[in-house]
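Subject: Structure handover

Hello,

Here is the structure for you to take over. Please look through it alongside the notes below.

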Amino acid sequence: MKQVRLIRHGESAANAGAASPDHATIPLTAKGIEQAHLVAKSFVNAPDLIVASPFSRAQATAMATVAAFSTVPFETWPIHEFTYLEPARCANTTVAQRREWVDAYWSRSDPTFTDGEGAESFLDFTSRAQAFLHKLAEHPGDDFAVFSHGQFINAVAWLIERKPQQIDGRAMADWRDYEITNHVPNCRGYLLTLRTGDAGWEVANG
């Protein structure tokens with residue numbers, strides 16, 4: 001049986017309300033660093049593999065667990081946050097300042113729409129989540145510690161629970177509602193399992 005602890009990064013400066021120069025290099029706060037160490041201490045057994053998003057806050061959160069299990073391989077996979085707004089116009093803005101742009105994006109409800117250079121469509125985003133599940137299923141390891149982001153984590157959980165037949169405007173609106181309803185706190189997440197011979201993944205709060 002495969003078992004995956006899918007964990008959101010610790011509290012970041014943006015989570016605490018600070019402006020962000022860009023989406024990828026947001027650091028952890030002191031509280032976020034403390035949360036990361038608590039996660040590392042929560043593992044009873046060493047995982048077979050530790051994985052993190054390339055974004056700084058996920059990498060920094062993972063490092064506490066990497067330090068605790070120094071012989072366990074560590075890899076960076078493309079499981080970063082959903083960058084649906086053009087990064088250049090979001091530079092040095094806060095979550096509150098981006099609210100109007102966020103609302104406009106989701107009101108459009110077009111899974112193929114790309115906001116600008118460096119942004120991705122909702123279809124691209126869900127394809128990354130699907131590729132992640134496929135890569136886990138094909139990997140020889142059985143026990144994974146994965147450090148990612150709230151929206152990506154909820155994309156994975158949504159794909160498992162809702163099993164959308166196509167990624168259209170209705171599916172996009174459904175995921176948005178799912179993501180808001182199932183907000184993932186910092187350093188929390190889901191436990192994914194895949195049993196030998198089973199038809200697919202299962203997800204539970206973890």
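The notes below go through the sheet, then the helices, then some single residues.

Please keep in mind that this is a predicted model.

The sheet

The sheet is open and has six strands, arranged in the order S3-S2-S4-S1-S5-S6, with mixed pairing. At its edges are strand S3 (74-76) and strand S6 (202-205), each of which pairs on one side only. From one strand to the next, the twist averages 20°.

Strand S1 covers residues 2-8, and five of its seven residues are buried, so S1 is largely enclosed by the rest of the structure. On one side, S1 pairs with strand S4 (residues 143-148) in the parallel sense, over six bridges. S1 also runs antiparallel to strand S5 (residues 189-194), and six bridges join the two. Leu-6 can serve as a reference point for both pairings: Val-146 stands opposite Leu-6 in S4, and Tyr-190 is the bridge partner of Leu-6 in S5.

Strand S2 (residues 49-52) pairs with the edge strand S3. This pairing is parallel and has three bridges. Within it, Ile-50 stands opposite Phe-74 of S3.

Helix H4

Helix H4 spans residues 99-108, and its buried residues are Val-102, Tyr-105 and Trp-106. These three cover an arc of only 90° around the axis, which means that they sit on the same side of H4. The face turned away from that buried side carries Glu-100 and Ser-107, both exposed.

What do the buried residues of H4 pack against? Their partners are helix H5 (122-138) and helix H7 (169-181).

For H4 and H7, the packing angle is about 140° and the axes are 11 Å apart. That angle makes H4 oblique to H7, because only angles over 145 degrees would count as roughly antiparallel. H4 contributes Arg-99, Val-102, Tyr-105 and Trp-106 to the contact, while H7 contributes Met-172, Trp-175 and Arg-176. By residue class, this contact of H4 with H7 has five nonpolar residues, two charged ones and no polar ones.

After H4 comes Ser-109, which has a positive phi, near 50°.

Helices H5 and H6

The axes of H5 and H6 come within 9 Å and cross at roughly 70°. H5 is therefore roughly perpendicular to H6. On the H5 side, the contact is made by Phe-125, Thr-126, Arg-128, Ala-129, Gln-130, Phe-132 and Leu-133. On the H6 side, it is made by Gln-151, Phe-152, Ala-155, Val-156, Trp-158, Leu-159 and Ile-160. The residues of this contact of H5 with H6 divide into ten nonpolar, three polar and one charged.

Ile-153

Ile-153 also lies in helix H6. Is Ile-153 buried or exposed? Its relative accessibility is 0%, so Ile-153 counts as buried. Leaving aside residues up to four places away in sequence, Ile-153 touches Leu-6, Ile-7, Arg-8, Ser-148, Val-184 and Tyr-190. Among these, Leu-6 and Tyr-190 are the bridge partners from S1 and S5 mentioned above. Ile-153 and Gly-10 are 143 residues apart along the chain, and their C-alpha atoms are separated by 14 Å.

Positive phi in two loops

Most residues other than glycine have a negative phi. Two loop residues are worth listing against that background.

- Asn-92 is not a glycine, yet has a positive phi of about 60°. Asn-92 lies in the loop between helix H3 (87-90) and H4. With a relative accessible area of 55%, Asn-92 is exposed.
- Lys-163 is likewise not a glycine and has a positive phi, of about 50°. Lys-163 lies in the loop between helix H6 (150-162) and H7. Its relative accessibility is 53%, so Lys-163 counts as exposed.

Regards

Note on methods: Residues numbered from 1 in each chain as written. Predicted model: local features only at pLDDT ≥ 70, side-chain atom pairs only at ≥ 80, totals over all residues. Heavy atoms only, no water. Pairing = 2+ DSSP bridges. Helix = DSSP H or I, 4+ residues; strand = E, 2+ residues; numbered from the N terminus. Axes fitted to C-alpha atoms, helices over the stretch in contact; angles between N-to-C directions. Buried < 20%, exposed > 50% of the residue type's maximum accessible area, 1.4 Å probe, protein only. Arc of directions from axis to C-beta. Contact = heavy atoms within 4.5 Å. Parallel < 35°, antiparallel > 145°, perpendicular 65-115°, else oblique. Nonpolar A, V, L, I, M, F, W, Y, C, P; charged D, E, K, R; others polar.
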